[in-house]
Amino acid sequence: MKIIKATKIKMDLIDPDAIKEIDIEKNQKEKSKEEYKADIENIKRTIKAVGQIQPILIRKLTDAEKEKSAKKTAEYGIVNGHTRYEANSKKDVFATIIELNDTDDDQKKLALIANFAKPEMSTDEKAQVIYQEQERLRILSKESVAAGNKKISASLETLARTFGISKAYAQKLVNIYKKNMKISTDNNADKLEVKIIKIDSQYKSKITDIQKNMQVIIEDTDANKVLDSIQEAKKLTKEILEYLSYVEKNKPEIKAAKNRKAEIAKASKAFDAKNQKIEKIEFKIEKLKGKIDSETKHKMKNDLEKKITEKQKEYNHLKNELENLQEIIDLAGETTVQKAE
């Protein structure tokens with residue numbers, strides 16, 4: 001975002017409805033007209049007493065926005081400050097003109113910050129906003145580093161500066177969000193087993209129905225009856241696949257097994273790669289030992305001995321890594337056997 005200038009702008013040049021307001025929570029959009037009117041009256045009294053202290057944020061409208069605007073004289077739209085605009089009774093309003101990036105990220109961020117300060121936003125909602133902004137910054141940072149650019153900070157200090165709060169409060173909100181997520185996960189887990197048992201019962205019933213339909217398909221000569229059975233069997237099979245996908249996605253033990261399989265596959269791949277490397281090093285060591293036996297010059301002998309020592313160190317290091325990988329693979333095998341027993 002780039003700030004161009006803060007100045008007085010004619011009210012006729014601003015359409016408050018030209019830019020879609022970006023709110024974080026629906027309940028903020030559903031604020032009653034009475035509350036909105038009360039806010040306007042309060043701001044009116046403040047402006048009358050001390051003037052408009054804080055400018056509204058506006059930006060130039062795009063050609064498409066101008067075409068849709070009901071206000072033909074409009075050149076600008078409001079990014080933040082609708083209430084202050086409505087409370088203004090003069091021909092001019094104090095406004096800061098800004099220029100956003102090509103994406104709407106800047107506008108979303110401005111809305112985030114503005115909404116964060118609103119009293120109707122609950123602590124849990126603020127916790128969600130803080131956590132999501134931190135995650136967004138982390139993703140942007142990874143993308144930036146991958147593109148060869150600088151790392152983007154997602155620290156608590158950055159969040160605190162962005163939302164105008166203390167670092168301690170930012171940490172508290174992150175903790176609240178994580179706690180809420182854990183409670184939600186635990187509640188879902190309690191209901192999960194009941195749902196899976198129900199699905200299991202339905203699964204057996206569907207299999208029985210499919211077997212009956214398959215018997216009709218194979219044995220019956222009535223083409224219409226066979227066709228109906230085919231359609232029914234296809235429908236039941238689709239439902240079974242949906243049930244199995246649900247179980248695979250949600251049952252914790254299956255999730256853990258999938259992660260374990262991935263870990264073993266990774267370890268096995270690394271084991272094979274390191275094993276090949278260690279074989280090459282063994283060959284090089286033997287080759288260097290053979291060469292050192294044929295060398296008579298003292299200096300050359302020392303150089304070769306040094307190379308052998310280096311290779312031996314590399315060999316020993318790889319040997320340790322192979323042993324660690326073997327432990328992972330062996331442990332997985334033992335766990336599988338124990339579960340089978």
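Me: Taking helices as DSSP runs of H or I that hold at least four residues and are numbered from the N terminus, which residue follows H7 in this predicted model?

Reply: The model is predicted, and in it the residue that comes after H7 has a positive phi, near 65°. That residue is glycine 164.

Me: Is H7 largely enclosed by the rest of the structure or not, and how many of its eight residues are buried?

Reply: A residue counts as buried when its relative accessible area is under 20%. In H7 the residues that meet this are Leu156, Thr158, Leu159, Ala160, Thr162 and Phe163. The helix is therefore largely enclosed by the rest of the structure, its count of buried residues being six of the eight.

Me: Which helix gives the largest share of the largest nonpolar core?

Reply: The largest nonpolar core has 16 residues, and those with the most contacts inside it include Ala127, Ile130, Leu156, Leu159 and Phe163. Two or more residues come from each of helix H6 (123-146), helix H7 (156-163) and helix H8 (167-219). Five residues, the largest share, come from H8.

Me: Which residues does leucine 159 touch, leaving aside those up to four places away in sequence?

Reply: Leucine 159 is one of the buried residues of H7 and is listed among those with the most contacts inside the largest nonpolar core. Beyond four places in sequence, the residues that leucine 159 touches are Ile130, Glu133, Gln134 and Leu137.

Me: How are the rings of tyrosine 131 and tyrosine 177 arranged: stacked, edge-to-face or tilted?

Reply: Tyrosine 131 lies in helix H6 and tyrosine 177 in helix H8, 46 residues apart, which makes the pair a link between distant parts of the chain. At 14% relative accessibility, tyrosine 177 counts as buried. The ring centres are 4.4 Å apart and the planes stand at 25°, and because planes under 30 degrees apart fall in the first of these classes, the pair is stacked.

Me: What distance separates the end C-alpha atoms of helix H9, residues 223-250?

Reply: Helix H9 has 28 residues, and at 1.5 Å a residue these should span 40 Å. The expected span is 1.5 Å times one less than the number of residues. The model agrees with that expectation, because the end C-alpha atoms are apart by 41 Å.

Me: Which backbone nitrogen does a side-chain oxygen of aspartate 222 reach at the start of H9?

Reply: Along H9, the buried residues include Val226, Ser229, Ala233 and Leu236. At the start of this helix, the side-chain oxygen of aspartate 222 comes to within 3.1 Å of the backbone nitrogen of asparagine 224.

Conventions:
Residues are numbered from 1 along each chain as its sequence is written. This is a predicted model: local features need pLDDT of at least 70, side-chain atom pairs count only at pLDDT 80 or more; totals for chains, interfaces and linings use all residues. Side-chain values use heavy atoms; hydrogens and water are left out. A nonpolar core is a set of buried Ala, Val, Leu, Ile, Met, Phe, Trp, Tyr and Cys residues joined through side-chain atoms within 4.5 Å. Buried means under 20% relative accessible area, exposed over 50%, partly exposed in between (1.4 Å probe, protein chains only). Contact means heavy atoms within 4.5 Å. A polar contact is a pair of N or O atoms within 3.5 Å; within protein, one must be able to donate a hydrogen and the other to accept it, and residues adjacent in sequence count only if both atoms are side-chain atoms. Rings of Phe, Tyr and Trp (its six-membered ring) pair if their centres lie within 6.5 Å; planes under 30 degrees apart count as stacked, over 60 as edge-to-face and the rest as tilted.
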